[in-house]
4 protein chains.
Amino acid sequence: MKDDARNGEPSVLTLAQIQERVSRDPFANSLGIELLELREGYSRAALTVGENMLNFHGLPHGGAIFSLADAAFGAACNAHGQVSVALNVTIHFLAAMPAGTRLYAEATEESRTRRIGLYRMAVTTEDGALVALCHGTAYCRDELLTAA
Amino acid sequence: MKDDARNGEPSVLTLAQIQERVSRDPFANSLGIELLELREGYSRAALTVGENMLNFHGLPHGGAIFSLADAAFGAACNAHGQVSVALNVTIHFLAAMPAGTRLYAEATEESRTRRIGLYRMAVTTEDGALVALCHGTAYCRDELLTAA
Amino acid sequence: MKDDARNGEPSVLTLAQIQERVSRDPFANSLGIELLELREGYSRAALTVGENMLNFHGLPHGGAIFSLADAAFGAACNAHGQVSVALNVTIHFLAAMPAGTRLYAEATEESRTRRIGLYRMAVTTEDGALVALCHGTAYCRDELLTAA
Amino acid sequence: MKDDARNGEPSVLTLAQIQERVSRDPFANSLGIELLELREGYSRAALTVGENMLNFHGLPHGGAIFSLADAAFGAACNAHGQVSVALNVTIHFLAAMPAGTRLYAEATEESRTRRIGLYRMAVTTEDGALVALCHGTAYCRDELLTAA
């Protein structure tokens, strides 16, 4: 573990520490989104669609599905240790599932330069049926994720 | 009020009834999203960003902002009385706000044919600062919104 | 070859006939876009970036790269024999190449229902470097591609 | 006119010089796209859809419409004098027009920070009918447009 406390510099986070940080994401936690896996440029997260996540048609709300995908996106692009924020995301809604369905979002890196990363987030059911497909562009700041 | 109960046909919803239906959206309610205004092809909704809607950077979660925009989108495109579902949405995140900020999403209709509608959702603060901008494509089914 | 001329019905196109039809696309031809491969839901096309396809920065014009991807998209989604038109496309520009570079666009089907198809178009160089990535939504009409 | 030739530094372009530079865009010129107006964050361009810009359905090719919108986008975001490149663009195709139609693209700035700009490009006919709607994200480099 890096610790520069002696010279007053905040310590840079390790991947395990980033995973712990991401796992405490307040909004993701409030919805019950779980971070299952995290590597540089990759993550997998899950969410069980509750009755409180339906829309007025009785289908999973786009906002709930997006939130799962966005959580996976934020995890994957920040796993490099550089503070990264979303510039934009396009989501395609491909299938509707009943309440109670367990959904998985897998984020993979399509491309990454010093400043800009492109990520694909596929949202599927347990048996692999595609529910939604997203692409998100991340802006990577010069700033590193630190313990401070 | 249309009422075809006598011949067993489900009654088609009026705009006021659609507003009431949309206002009971479970996911929007769980986040505290309020539908402020609804007309055919237009809606305005609001959400106060709670501490539980932040991400692990301490900024409003993309999923919370998207959910507000998506709620406005769903309301506006269904206000015509035809069952409409989102095909895809692109969201641009333009500014970050602290917890406690009241956000407004205004959905307007850019274009609408028999089957396909395009909507713009602008998410702003109380004083009009642009926080996010979305465009969503809706698919309009032949089915009407009914009381059944 | 199907020929229903006797009863006055236009004959439905075979895949080979669709390939021939697509290969005569005026705009694709004017740019020198070649359709290399066509199957249901899949296509591959190529374009050599000419000096006349650069922008004022001296880089390949976004419009030229998009046109290649869009040509592959239109081919792949129409290869099912149903008249299909683009509703929207998102393109991510990932790398710039010098004039003279040969670019390939490969279109694959991410999802397809009776009415709506989602296609991924990856634009790469000969050695597989990703130049652009697109996703396009197609609307499939009831109408079939015919000889008429 | 700024001219730092004496000390060997390339001179920074004025708006009039940027307009002249953009007007010589090879791809735009090859299609007959005209830059009608240019201000910081704003531009208007026009294109008459030729027979050679149709697709195999006989409708204006998505690539031609996109190219017009993209030309307006590149002009508007570079008019600030900072070298700006497109990260991504989403285009919605809203109506089809016959060959011979004169199309106009108007680019306006939705948002701009030091690094990232968001632009709306509306493509219309002479009488204002909406043909396509795009949003594009530009990345603004530290580099200025120079005469060199």
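In this predicted model, six residues of α3(C), namely C:Gly62, C:Gly63, C:Phe66, C:Ser67, C:Asp70 and C:Ala71, meet D:Gly62, D:Gly63, D:Phe66, D:Ser67, D:Asp70 and D:Ala71 of α3(D). By character, the residues of this helix contact divide into four nonpolar, six polar and two charged. Chains A and B also touch, through 32 residues from chain A and 32 residues from chain B, and 12 strands drawn from these two chains form an open sheet.

**Helix packing between chains C and D**

- Helix α3 of chain C, residues 62–78, packs on helix α3 of chain D, also residues 62–78, at an angle of about 155 degrees.
- The axes of α3(C) and α3(D) lie 8 Å apart.
- An angle over 145 degrees counts as roughly antiparallel, and α3(C) and α3(D) are therefore roughly antiparallel to each other.
- The handedness of the crossing between α3(C) and α3(D) is right-handed.

**Contact between chains A and B**

- The contact draws 32 residues from chain A and 32 residues from chain B.
- On the side of chain A that touches chain B, the elements giving two or more residues are α1 (15–23), α2 (26–31), α3 (62–78) and β3 (82–93) of chain A.
- Of the elements on that side of chain A, β3(A) gives the most, with nine residues.
- The residues on the side of chain A that touches chain B comprise 15 nonpolar, 12 polar and five charged.
- Five bridges pair β3(A) with strand β3 of chain B, residues 82–93, in the antiparallel sense.
- Within this pairing, A:Asn88 has B:His92 in β3(B) as its bridge partner.

**Symmetry of chains A and B**

- A turn of 180 degrees, with a shift of 0.0 Å along the axis, lays chain A on chain B with an RMSD of 0.0 Å.
- This relation is that of a two-fold axis.
- The C-alpha of A:Thr90 is the one in chain A nearest the axis, at 2.0 Å from it.
- Both copies use the same surface, as 100% of the contact residues of chain A recur in chain B.

**The sheet shared by chains A and B**

- The 12 strands of the open sheet follow the order β1(A)-β2(A)-β4(A)-β5(A)-β6(A)-β3(A)-β3(B)-β6(B)-β5(B)-β4(B)-β2(B)-β1(B), and their pairing is antiparallel.
- The edge strands are β1 (34–39) of chain A and β1 (34–39) of chain B, each of which pairs on one side only.
- On average, and with direction ignored, neighbouring strands of this sheet are turned by 20 degrees against each other.
- Within chain A, strand β4 (residues 102–112) and strand β5 (residues 116–125) run antiparallel and are joined by nine bridges.
- Opposite A:Ala107 stands A:Met121 in β5(A).

**Strand pairing within chain C**

- Strand β2 (residues 42–48) of chain C pairs with strand β4 (residues 102–112) of chain C in the antiparallel sense over seven bridges.
- C:Arg44 is placed opposite C:Glu106, which lies in β4(C).
- Strand β4(C) is also joined by nine bridges to strand β5 (residues 116–125) of chain C, and the two run antiparallel.
- The bridge partner of C:Ser111 in β5(C) is C:Leu118.
- A hairpin of three residues joins β4(C) to β5(C).

How values were computed
Residues are numbered from 1 along each chain as its sequence is written. Chains are lettered from A and ligands numbered from 1 in the order in which they are written. This is a predicted model: local features need pLDDT of at least 70, side-chain atom pairs count only at pLDDT 80 or more; totals for chains, interfaces and linings use all residues. Two residues are in contact if their C-beta atoms, placed from the backbone, lie within 7 Å. Helices (H or I, at least four residues) and strands (E, at least two) are DSSP runs, numbered from the N terminus. Ala, Val, Leu, Ile, Met, Phe, Trp, Tyr, Cys and Pro count as nonpolar, Asp, Glu, Lys and Arg as charged, and the others, Gly among them, as polar. Two strands pair if DSSP finds at least two bridges between them. Copies are superposed by least squares on the C-alpha atoms of residues with pLDDT of at least 70 in both. Axes are lines fitted to C-alpha atoms, for helices over the stretch in contact, and angles run from 0 to 180 degrees between N-to-C directions. Angles under 35 degrees count as roughly parallel, over 145 as roughly antiparallel, 65 to 115 as roughly perpendicular and the rest as oblique. A crossing is left-handed if the near helix is turned anticlockwise from the far one by less than a right angle, and right-handed if clockwise.
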